[in-house]
Amino acid sequence: MSSADDEDDIPKLSAATLALLGDFYSEQEQNKQQFEDLKAQTEDDRLQTPLSMTLFTEDWNASQFWYSDETAVLLAEQLLRDSTKETRIAVVSAPSVFIQLKNILVRGN
């Protein structure tokens, strides 16, 4: 078997597919940077504007729970109902609830 035959066996993507893959990775990197910026703002308590689900992308490698806005608001309100300034709340694997929680805090409700 010649080396030319070996090269023919290697799968290759078309130029259009490679371009789409490049766009996907670029968008993924942009989303990651936006999330890191948001994380820094949140940690410094500089967040002044409402959050949107557009900043959060679904991670197929993680267990995540996505709720309707109505349900997410209800859950966030329940988390805050008896909280004090010393209360620490962790929202794990529920980005939609985290967004509503932060939005309530930004609005000062």
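1. Gly108 comes right after helix H4, and its phi is positive, near 80°. Helices here are DSSP runs (H or I, at least four residues), numbered from the N terminus. This is a predicted model: local features need pLDDT of at least 70, side-chain atom pairs count only at pLDDT 80 or more, and totals for chains, interfaces and linings use all residues. Residues are numbered from 1 along each chain as its sequence is written, and side-chain values use heavy atoms, without hydrogens and water.

2. H4 holds 13 residues and spans 18 Å from first C-alpha to last, close to the 18 Å expected at 1.5 Å a residue. The expected span is 1.5 Å times one less than the number of residues.

3. Buried residues in H4 (under 20% relative accessible area, 1.4 Å probe, protein chains only) include Pro95, Val97, Ile99, Leu101 and Lys102. Asn103 sits in H4 too. Asn103 counts as buried because its relative accessibility is 6%. Beyond its neighbours within four places in sequence, Asn103 is in contact (heavy atoms within 4.5 Å) with Pro50 and Leu51.

4. Now the packing. The axes of H3 (residues 69–80) and H4 (residues 95–107) come within 8 Å and cross at roughly 60°. H3 is therefore oblique to H4. Oblique covers angles that are not under 35 degrees, over 145, or 65 to 115. Axes are lines fitted to C-alpha atoms over the stretch in contact, with angles from 0 to 180 degrees between N-to-C directions.

5. On the H3 side, the contact includes Ala72, Leu75, Ala76 and Leu79; on the H4 side, Val97, Leu101 and Ile104 are among the partners. The contact residues divide into 10 nonpolar, two polar and two charged.

Methods. Helices (H or I, at least four residues) and strands (E, at least two) are DSSP runs, numbered from the N terminus. Ala, Val, Leu, Ile, Met, Phe, Trp, Tyr, Cys and Pro count as nonpolar, Asp, Glu, Lys and Arg as charged, and the others, Gly among them, as polar. Buried means under 20% relative accessible area, exposed over 50%, partly exposed in between (1.4 Å probe, protein chains only).
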